[in-house]
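This report introduces selected local features of a protein model to a reader who has not met it before. Please consult the sequence and structure shown here while reading.

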Amino acid sequence: MSRTSGATPDSRTALRVCPLCEATCGLTLTIEGTRVTGARGDRDDVFSKGFICPKGASFGAADGDPDRLRTPLVRTDGELREATWQEAFDAIAAGLGPIVEQYGPHALGIVLGNPNVHTMAGALYPTVLLTALRTHNVFTASTLDQMPKHVSSGLLYGDANAIPVPDLDHTDHLLLIGANPLESNGSLCTAPDFPGKLKALRARGGTLTVIDPRTTRTAKLADRHVTVRPGTDALLLAAMTYVLFEEKLVDLRDLAPHVQDVEELATALQDFTPEAASEACDVDADTIRALARELAAAPTAAVYGRIGSCTVPHGTLASWLVDILNILTGNLDRPGGALFPQAATDKTPRPAGPGRGFALGRWHSRVSRHPEAKGELPLAALAEEIDTATPEGSPVRALIAIAANPVLSAPDGNRLDKALDSLDFMVSVDPYLNETARHADVVLPPPPPSQSAHHDFAFNTLAVRNQVRYNRPAVPLEPGRMAETEILARLVLAATGMHGADPSAVDAMVIDSTLGKAVQDPHGPVHERDPKELATRLTGESGPERRLDMMLRLGPYGEGFGAQPDGLSLEKLLAHPHGIDLGPLRPRLPQPLKTRSGKIELLPAPIADDLPRLRAALRERPAAIVLVGRRHLRSNNSWMHNVPALTGGTNRCTLHIHPEDAARLGLADGAAVRVKGAGGEVVAPAEVTDAVRRGVVSLPHGWGHDRPGTRMSHAALDPGVNVNQLLDGSLLDPLSGTAVLNGVPVELAACP
């Protein structure tokens, strides 16, 4: 930390990686006393090099939002009142214990929201909680977003977290489908200054192709923009793959020894000709062939798909085909193509060889029998798991929601709203009393980001360059606050019958377990050493820091408790406040593969079994009007609309509609439009624009802040509408359980 030139005597600066989106940009905060008064890009950050977006620039406003809860809330006589931390955890222990004891572990549900991956606490403690509680009723934001990518990666590579990312800094040809990184800053591809990287691609003579039904800011930058019909992404990608086989453009290059089922794949896709897919996708066959030829001809290339191609009826197949195209053109695990990142806190790399593989459907939801994926059930099924009785099993009677607001983020929030109100007991860990937390019996508020340490466990596994950064809290905890790590550690204890134990016991248990396994690994750096002695060597001011130190030491760049003296440790990381650059992404195959065959399995059985459903989609007739979502640069789902600096301008909840559709339906710009879907209807102002193709309308997600009992004063001034209320939750990608949020049929009518 240092004094700021020209600032007040009490002014200083502190470094902090921004936790407000997946780009993880380094910030330099200006602090007056204990208040963050400014934020600028950290020019010396090894990853972001000074880049900052409007969210990062508004860090101080988000951090100091006066509507953030400062003390726990406990429901008494039907009303939430302020309480002490002791009262809050006493209430949790008393509320959860009897329910689990009487009805079993599956009477308890866990919901994890998107902000968990933006905090150290969210990375370190929910897995401990899930392991201890043993409930099958786990729901996360993944089944509203990226679960198809996890499933396709699991089936292809044997590891659901082995997600290759495009080598943005070196590729010659980038094809984006369902992605708008100029607004999202990137997702499942952690890349500060994504816009700058796309401009650099074009400046060095590379090609950018964007496939999207909207003319987004990203599409405007492209050399080629293809306005595909929403929901047909997998058909388009399958037809491109067909062309590679038909025109003998398949070239596995160095991948050949690591791949199986190439001929079987060609046979499985023989019906997906460009001519057959053209009408369904509304993309002419010549364009489909050109897309495939250009991809194959490029010196290096990468295909990257995101939420627009995930949250559709064939989301897993689309995610699978993204990787199939990278593989068949020889661009997987290749500089300039798509590579597997190597985070500093990854497990010690094991030798290449067959693994246990990836399985789906190890259990099923109680009501609709949805199969689990990656240990999760569809969040769209949460309401029915609470409000519907069946002859077998107990409904969800108690719920723990951590940084989650499914009333707005999941389909049919009205039904879920009522279901949450019927629970026997509910805990919410959230800084706001929002649309979901208002139902809780206990609300546990974490402190603002400036008062928390930060390391990106999840996003470094998806980063376009290997690096590692860590920040201690920029300002001390306010009196009466509790660190988020301690909150979640105490929640683990209170929910598992250990209420009253020292929260440090949770970290100690994890350290003992991890080191105990590490010393038994003959390929690891600490084989046959004494785990207790290793534990004494860990450094750090807290349990979470000691866990980070352990993971760094045992990780792929670690010092291995002395085995590699020049390797990473917490002490070394603290000596580099702007981070440590670990180099560009490098080829890693076959080491990441954990399939039973030890190879990339191009046509796993669940994928093959789902292809007839995609084949049937070739003959489906499109609806007259379909709905897609959209993202704003100054927003992140539902959790930033209470910051005045991040609302207004283009960040508005309007219905984008093409001028020809507006004229046909008699809808004027700015007029109120009634939008009706299977789950209900909403009224939103029309914004007539050619940014959407004909037959498509768009509403942003995360809005609908008009329910009573919340404490988000600014968001309530311009609440917008909840686009997910148009969905009834019945449309899911069957392999991943992901809700279909794009390409959904709707009806429009002008309001009087």
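## A histidine and a four-stranded sheet

His656 has its place in strand β22, which covers residues 655-657. The model is a predicted one. His656 has a relative accessibility of 11%, and it therefore counts as buried, the limit for that class being under 20%. Its side chain forms a polar contact with the side chain of Arg630 at 3.4 Å. Leaving aside residues up to four places away in sequence, His656 touches Arg630, Glu687, Thr689, Val692, Val696, Val697 and Ser698.

A second region of interest is a sheet. Four strands make up this open sheet, in the order β11-β10-β9-β13, and their pairing is parallel. The edges are formed by β11 and β13; each has a single partner strand, so one side of each lacks a neighbour in the sheet. From one strand to the next, the twist averages 15 degrees.

The residue ranges of the strands are as follows.

| Strand | Residues |
|---|---|
| β9 | residues 173-177 |
| β10 | residues 207-211 |
| β11 | residues 224-226 |
| β13 | residues 302-305 |

Within this sheet, β9 and β10 pair in the parallel sense over five bridges. Leu175 stands opposite Thr209, a residue of β10.

A helix accompanies the strands. Helix α13, residues 285-297, lies across β9, β10, β11 and β13. With respect to β11, helix α13 runs at about 135 degrees.

Key. Residues numbered from 1 in each chain as written. Predicted model: local features only at pLDDT ≥ 70, side-chain atom pairs only at ≥ 80, totals over all residues. Heavy atoms only, no water. Pairing = 2+ DSSP bridges. Helix = DSSP H or I, 4+ residues; strand = E, 2+ residues; numbered from the N terminus. Axes fitted to C-alpha atoms, helices over the stretch in contact; angles between N-to-C directions. Contact = heavy atoms within 4.5 Å. Buried < 20%, exposed > 50% of the residue type's maximum accessible area, 1.4 Å probe, protein only. Polar contact = N/O pair within 3.5 Å; in protein donor to acceptor, adjacent residues only side chain to side chain.
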